[in-house]
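Thank you all for coming; I would like to take a few minutes to walk through one structure with you. Please have the sequence and the model in view while I talk.

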Amino acid sequence: MFDSTQWWRGSVIYQIYPRSFMDARGDGIGDLPGITAKLDYVAELGVDAIWISPFFPSPMKDFGYDVTDYRGVDPMFGAFHDFQMLLERAHGLGLKVIIDLVLSHTSDQHHWFLQSRSSGYPDYLVGMRELKVADKLNPQRISWLMAR
């Protein structure tokens, strides 16, 4: 009997980094409409799913991995409607869609971070203290400390 929760075992998953995948708007930056435009090609490769790197709103200090809103779409990549269209097309082609939800990469501009620093929630989020210059030059010496 097939366990539908185990679909990923043995599946071929194609990772897409939106910023460099396909630019449908002509501004030099890949976007969600660009991904949608190439889904036929991706499906023809025989993959079972696509894994999309973060496309959430971000100050882009860490190439989109510093998320400010996990429920939105960064305007650089399109709008929420563009994501809905991508999902509809992918599912129509029999592709599953995985979103890289990087909860451990919250931006310092995210409301969770701001709330943790200003409203008496010092344990709301933990992070790393400023690294010493010597630690930055020698990664083996980095001391990871929890910020309070």
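Let me begin with a question: is Asp31 buried or exposed? Asp31 is buried, because its relative accessible area is 0%, and I should say at once that this value, like every other one today, is computed from a predicted model.

Staying with that residue, the side chain of Asp31 meets the side chain of Arg25 in a salt bridge, with 3.3 Å from N to O. Arg25 also pairs with Asp27, again through the side chains, and there the distance from N to O is 3.8 Å. Arg25 counts as partly exposed, because its relative accessibility is 39%, and Asp27 is likewise classed as partly exposed, at 44%.

The structure holds three salt bridges, and the one I have not yet mentioned joins Asp40 to Arg89, whose closest N and O atoms are 2.3 Å apart. This pair links distant parts of the chain, since Asp40 sits in helix α3 and Arg89 in helix α4, 49 residues apart. Asp40 is partly exposed, with a relative accessible area of 36%, and Arg89 is partly exposed as well, at 34%. Returning to the other two pairs, the partners they share join Arg25, Asp27 and Asp31 into one network. As a general remark, side chains of opposite charge can pair when their charged atoms come close.

Let me step back to the chain as a whole. There are six helices and three strands, and read from the N terminus the elements run β-α-α-α-β-α-β-α-α. Of the 148 residues in the chain, 30% are buried. If we consider contacts with a separation of 6 or more, 56% of them are between residues 24 or more positions apart. The accessible surface comes to about 9600 Å², and carbon and sulfur atoms account for 56% of that surface.

Now to the interior, where the largest nonpolar core has 17 residues, and where those with the most contacts inside it are Leu32, Ile35, Leu39, Ile50, Phe55, Phe77 and Leu86. Two or more residues each are given to this core by α2, α3, β2 and α4, and the largest share, three residues, comes from α4. In soluble globular proteins, nonpolar side chains tend to be buried together.

Phe77 is worth a pause here, as the residues that Phe77 touches, leaving aside those up to four places away in sequence, include Leu32 and Phe55, which are also among the core residues with the most contacts. Phe77 touches Arg25 and Asp31 too, and those are the residues with which I opened.

Next, what does the side chain of Ser53 make with the side chain of Gln15? The two side chains make a polar contact, at 3.0 Å. Ser53 lies in the loop between β2 and α4, and Ser53 counts as buried because its relative accessibility is 1%. Beyond four places away in sequence, Ser53 touches Gln15, Ile16, Tyr17, Pro18, Tyr65 and Asp100.

Finally, on the surface, Trp8, Ile13 and Trp51 form a nonpolar patch, with about 280 Å² of accessible area together. Trp51 belongs to strand β2, one of the elements that contribute to the core, yet Trp51 itself is partly exposed, with a relative accessible area of 32%.

How values were computed: Residues numbered from 1 in each chain as written. Predicted model: local features only at pLDDT ≥ 70, side-chain atom pairs only at ≥ 80, totals over all residues. Heavy atoms only, no water. Core = buried A, V, L, I, M, F, W, Y, C linked by side-chain atoms within 4.5 Å. Buried < 20%, exposed > 50% of the residue type's maximum accessible area, 1.4 Å probe, protein only. Helix = DSSP H or I, 4+ residues; strand = E, 2+ residues; numbered from the N terminus. Contact = heavy atoms within 4.5 Å. Patch = residues over 30% accessible without salt bridge, like charges linked within 9 Å, V, L, I, M, F, W, Y side chains within 5 Å. Areas by Shrake-Rupley, 256 points an atom, 1.4 Å probe, with all protein chains shown as cover. Salt bridge = Lys/Arg side-chain N within 4 Å of Asp/Glu carboxyl O. Polar contact = N/O pair within 3.5 Å; in protein donor to acceptor, adjacent residues only side chain to side chain.
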